[in-house]
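Please load the model in your viewer and keep the sequence panel open beside it. The stops below name what to select and then describe what is found there.

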Amino acid sequence: MQKSMLLVVTSALVVGPLHADESHHSPSTPEYVHRLVYRTAAEDSIAGWENRSTPIGNGWFGVSVFGGVTNERLQVTHNAVYEASYEAARKRTHAALTDAYDLRFRFPVTTWTDYRRVLELETATASVAYVADGVSYVREAFASYVDKVLVLRFSASRAKALSFDVTGEIPFPVTWGAEPENQCGRTGTVFAVGADLVCEQRMKFKNTVFGARLRVETDGEVRAAHGVLTVTNATAATMYFACDTNYALFDKVAKKDVFASVEATVAAAARKGYEAVRTSHVADMAALFGRVTLDLPDTEKDRELPMEDLMEAVRKGKRSNWLNECHFQFGRYLLTQSSRPGCLPANLQGIWNAKERASWGGTYFHNINVQMNYWPAFVCNLAECFQPYADMNAAFRPLTRQRAVSYLKRTVGEEAVVRPLSDDFWCVGTSVSPWYVSEPGGHSGPGTGGLTTKLFWDWWDYTRDRSVLEHHVYPVLHGMADFLTRAVREIDGKYLAVYSASPEQLVPKDPKNPSKGLRPYGTVGCAFDQQMICENNRDFLAAHELLGKKDDAVARIVREQLDRYDPVQIGASGQIKEFREENFYGEIGEKDHRHISQLAGLSPGRLITSDRPDWLAAARETLKLRGNGHTGWSEAHRLVCWARARDAERAYASLCRLESGHLFDNLFNSHKNRGNFQIDGNLGATAAVAEMLVQSHGDGRIELLPALPAAWAKRGSFTGLCARGGFIVDCSWKDGVPVYARAVAVKAENGMTPRLYFKGLCYNSNLLRR
């Protein structure tokens, strides 16, 4: 009989990163760091940016490092820099995230050897090293959240051997539109003064102002002329770069001098000095990224393999636990770089875009994508990274009230808005940008609201921070419950969404003539909407009772409706029906559609669990019938669903498909066929790997290794993953069986005892052998 030993530590207050107890079987921090190593530079092109550039960021802005030896490019993205395109025929302006700025370096090097480019995840540092004319050159880049700057450090092994030019480039300038309704226009200048390189840009769209400044400090000589800084006779050079805009949440222009602001930021970093700025940056990353470790077996041989070679082998069928591990940590890394308090949240590209118009506008799509961005925030111990989205959501909610009323009148009728609206009444559709929020309808129903509020409930459920519950979570749930209870009508004893649409499911406009194109399939009470309405309103009542609130009109109506949403129906094929009128699987819409919206109650929801074996079995059947994901993010959703369904081998197969078919060499996730970077697939995959290792239910039950595949079973460990109920979990395993585990409450007042389960067995004692 196999033996296992489970050590359970119950409620205790933990401040900062969790460290395992001294124990023979307790997890230890891996003695290696996660480095993505390259033997070549990224090509200076859109394809090169997507496939090979290394991303660093600080929440305030993102930087893509290309790593060229003779010509280096550092591409800068700021999530408030949008460029408009004008459709004159329609008199409409369409705006999209655009490349904000490029730093261009030129080095007097024509031949070199020993090239090596690295992205180190633990320290969020990108580096380039090579040898030319007997001199070793090293370039280091990191973006500090603490000091709001990009820091560059170039050095040479021989005194006075370092020389280079640096200039700035404003990408994609646009002629200023003459008509008032034409929001096109982008102008600016780049100039050098002293040891500073300055960029001043203005966009006609929303009167956006962008400013940037780079300062050089060196033991060599600096000359400024014609928008270029030239450094000569140096042994080392340190550069501080900052950028900013006048954007302020939401649809507002901040009253600040952007150019003076970036100058002050650069000056402050320079006064602090390179060593102090770097020390603060590394400590910041250690405190956030360093909270979670994952150690999988048989990774040693792949650790130093160049990414070009590793990814080529994976695409040919190689399975790599090192890639599984790096892929997981890379998603956590991307969230720490692209979503920090005080900044805009991570969009479809996170905070990295080199295109004139980012794919899908670089916006925040709310029918799966932005939610997937934040799935790893809580289970992967990065709750602070959710704050930017919470802030944006709080800013746009008041702007949606009239859109919500308009939607209800159009779909339900005037009776839907007869009773007074609550102060926090709101809605959200699919498309959101830093300036615009759509209402539900079209190809996605009102369930987009419940899909969004699930993030807020998880924020509470994983942290058990009562202040978060009262001041952030409850208003979101209450206001959405007010909207959703109005969006339904009683039909045959059920409360069903009057206008309902399973996200992006389309059908022919004319079934007899498919050439006439497709239209959204609008219906009543589809699974997605019913499940998400049920999830929101169930979470609302739980929050309502936890806070001891008195029932108001919203609470009374939710209590009346809650048991009659009928969120899951099982069809003749044994599937969870996507549409109520569906009988056999695939009768309506695309049967192998990228979205699996009828399984939103499985993940990210909590409706479909092992507490309802019939529903869980139907969910498994639906996953089989739907087939593999056609896009990176859709494969990530299938992956997390297989993990929730406790099917380890299918989850692992999904992870391997995602890695072989939907990752660029730099581990950016691709939408389809390694084209169009889309970050949600990265972040969804990270959350899914965490769900393969630990799952929780909010009542103290914590399931260890619920979907551990055979490829990882030999031995392994994780530390710092989070569980619902406010616990941090560590676990080590051998031969697929836990040999050590503990769960620690993050707050002393938690009051809940964790109960650790493995394959249905519960371990309550401090030390147990079997």
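Which residue in the turn between strand 15 and strand 16 has a positive phi? Select K206: its phi is about 60°, and it lies in the turn of a hairpin with 4 residues between the two strands. Helices (H or I, at least four residues) and strands (E, at least two) are DSSP runs, numbered from the N terminus. This is a predicted model, in which local features need pLDDT of at least 70 and side-chain atom pairs count only at pLDDT 80 or more, while totals for chains, interfaces and linings use all residues. Residues are numbered from 1 along each chain as its sequence is written, and side-chain values use heavy atoms, with hydrogens and water left out.

**Stop 1: strands 14, 15 and 16**

Extend the selection to strand 15 (residues 196–203) and strand 16 (residues 208–218), which run antiparallel and are joined by 8 bridges. Two strands count as paired if DSSP finds at least two bridges between them. On its other pairing, strand 15 meets strand 14 (residues 186–193), also in the antiparallel sense and over 8 bridges. Strand 14 and strand 15 form a hairpin with 2 residues between the strands, where G194 takes a positive phi near 65°.

Now pick V198. It stands opposite F191, and its bridge partner in strand 16 is R213. Because 6 of its 8 residues are buried, strand 15 is largely enclosed by the rest of the structure. Here buried means under 20% relative accessible area, exposed over 50%, and partly exposed in between (1.4 Å probe, protein chains only).

**Stop 2: strands 13, 17 and 18**

Select strand 18 (residues 228–234) next. Strand 13 (residues 162–169) runs antiparallel to strand 18 and is joined to it by 5 bridges; D165 stands opposite T230. Strand 17 (residues 221–225) is likewise antiparallel to strand 18, again with 5 bridges, and A224 stands opposite L229. Strand 17 and strand 18 form a hairpin with 2 residues between them, and H226 in its turn has a positive phi of about 55°.

**Stop 3: an open sheet and a helix against it**

Move to the four-strand open sheet with the order 22-34-35-36, in which the pairing is antiparallel. Strand 22 (293–295) and strand 36 (737–745) are its edge strands, each pairing on one side only. The twist averages 15° from one strand to the next; axes are lines fitted to C-alpha atoms, for helices over the stretch in contact, and angles run from 0 to 180 degrees between N-to-C directions. Within the sheet, 7 bridges join strand 34 (residues 715–723) to strand 35 (residues 727–734), and L721 has V729 in strand 35 as its bridge partner. Helix 5 (residues 321–338) packs on the sheet, touching strand 22 and strand 34, and its direction makes about 170° with that of strand 22. Contact means heavy atoms within 4.5 Å.

**Stop 4: helices 16 and 17**

Select helix 16 (residues 648–661). Its 14 residues reach 20 Å from the first C-alpha to the last, close to the 20 Å expected at 1.5 Å a residue; the expected span is 1.5 Å times one less than the number of residues. Its buried residues include A648, Y652, L655 and E659. The buried residues of helix 16 pack against helix 4 (307–315), helix 5, helix 15 (632–644) and helix 17 (680–693).

Continue to helix 17. All of it is buried, 14 of 14 residues, so helix 17 is largely enclosed by the rest of the structure.

**Stop 5: A497**

Is A497 buried or exposed? At 0% relative accessibility, A497 counts as buried. A497 is found in strand 27 (residues 494–497). Not counting residues up to four places away in sequence, it touches residues including P446, V488, T523 and I533. For a distance check, pick E181: its C-alpha atom and that of A497 are separated by 37 Å.

**Final view: the whole protein**

Zoom out to the full protein, with its 17 helices and 39 strands. Along its principal axes the C-alpha trace spans about 80 × 75 × 55 Å. Of the 770 residues, 62% count as buried. Among contacts between residues at least 6 apart in sequence, 69% join residues at least 24 apart.
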